[in-house]
Structures are given as C-alpha cells and as structure tokens.
Amino acid sequence: MHRYTVVLEPEEDGTFHAFVPALKGCHTNGLTEAEALSNAEEAISLYLESLTAHGEPIPAEDLIFRPVEVA
C-alpha cells in the first residue's frame, strides 16, 4: 500500500482541481471535493500501474510542509 498527499484547489467555476505533488503530472478534477478526491485515487492507481508496467520505481512521498508568513 502507498500513501500520497492530494492537494485540492477550488476553481473559480466551483469545481476542484486535484494533484499529487509526489507524482509529477498526476492531476485530475471533479465537480465536488469528494469527486476530485475519488478521481485522484483512481489517477494515483493508474499512475502507479503505469510505472510498474514500465519497470520504473514507485516514488515515496518526501514532502515537507512549512507555513510561511509574508508581510
């Protein structure tokens, strides 16, 4: 089992953009947060399946999140 962070961004039209920072190019969207997250789960699964099929390594998530205040 693999665990990845999914970032959800609200769009101006009320939909949601979802992406996985640890998996470059792994993006999707949805009409709701729940749909975007569900679509992201499917996108991650397909992404990892493709890596495996091509003999490429499965990336580990190594993100560091830190808040930054800007005046």
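Reader: Hi! Before I get going, when do two strands count as a pair?
Author: Hello! Two strands pair if DSSP finds at least two bridges between them. This is a predicted model, and one bridge in it joins Ala18 to its partner Thr28 in E3.

Reader: Ok, and how many bridges do E2 and E3 have?
Author: E2 and E3 pair over four bridges, in the antiparallel sense.

Reader: What about E1 and E2, how do they pair?
Author: E1 and E2 pair over four bridges, in the antiparallel sense. Glu9 has His17 in E2 as its bridge partner, and Pro10 stands opposite Phe16 of E2.

Reader: Let me zoom out. Which elements does the chain have, and where do they come?
Author: The chain has one helix and three strands. Starting at the N terminus, the elements run β-β-β-α.

Reader: So what order do the strands take in the sheet?
Author: The order is E1-E2-E3, in an open sheet with antiparallel pairing. E1 and E3 are at the edges and have a single partner strand each, so one side of each lacks a neighbour in the sheet. On average, neighbouring strands are turned by 25 degrees against each other, with direction ignored.

Reader: And where does H1 go?
Author: H1 packs on the sheet and touches E1, E2 and E3. The direction of H1 makes about 150 degrees with that of E3.

Reader: How many residues are in H1, and how far does the helix reach?
Author: H1 covers residues 33–53, which is 21 residues. From its first C-alpha to its last, the helix reaches 30 Å, close to the 30 Å expected at 1.5 Å a residue.

Reader: Which residues of H1 are buried?
Author: Those are Ala36, Ala40, Ala43, Ile44, Leu48 and Leu51. Looking down the axis of H1, the buried residues fall within an arc of 130 degrees, so they line one face of the helix. What covers them includes strands E1 (7–10), E2 (16–19) and E3 (27–30).

Reader: What's on the face of H1 turned away from the buried side?
Author: That face carries the exposed residues Ala34, Glu41, Glu49, Thr52 and Ala53.

Reader: Back to the strands. Where do the side chains of E3 point?
Author: They alternate along E3. Thr28 and Gly30 point to one face and are buried, while His27 and Asn29 point to the other and are not buried. That fits the general pattern: in a regular strand, side chains alternate between the two faces of the sheet.

Reader: New topic: which residue takes a positive phi in the hairpin of E1 and E2?
Author: Gly14 does, with a phi near 95 degrees. The hairpin has five residues between the strands. You can also look at Gly55, which follows H1 and has a positive phi near 70 degrees.

Reader: Last one, about the chain overall. How many of the 71 residues count as buried?
Author: The share is 25%. The chain exposes about 5,500 Å², and carbon and sulfur atoms supply 54% of that area. Taken along the principal axes, the C-alpha atoms fill a box of roughly 45 × 30 × 20 Å.

Reader: And what about contacts between residues at least 6 apart in sequence?
Author: Of those contacts, 28% join residues at least 24 apart.

How values were computed. Residues are numbered from 1 along each chain as its sequence is written. This is a predicted model: local features need pLDDT of at least 70, side-chain atom pairs count only at pLDDT 80 or more; totals for chains, interfaces and linings use all residues. Side-chain values use heavy atoms; hydrogens and water are left out. Helices (H or I, at least four residues) and strands (E, at least two) are DSSP runs, numbered from the N terminus. The expected span of a helix is 1.5 Å times one less than its number of residues. Buried means under 20% relative accessible area, exposed over 50%, partly exposed in between (1.4 Å probe, protein chains only). The arc is that of the directions from the helix axis to the C-beta atoms. Contact means heavy atoms within 4.5 Å. Accessible areas come from the Shrake-Rupley method with a 1.4 Å probe; for residues, only the protein chains shown count as cover. Axes are lines fitted to C-alpha atoms, for helices over the stretch in contact, and angles run from 0 to 180 degrees between N-to-C directions.
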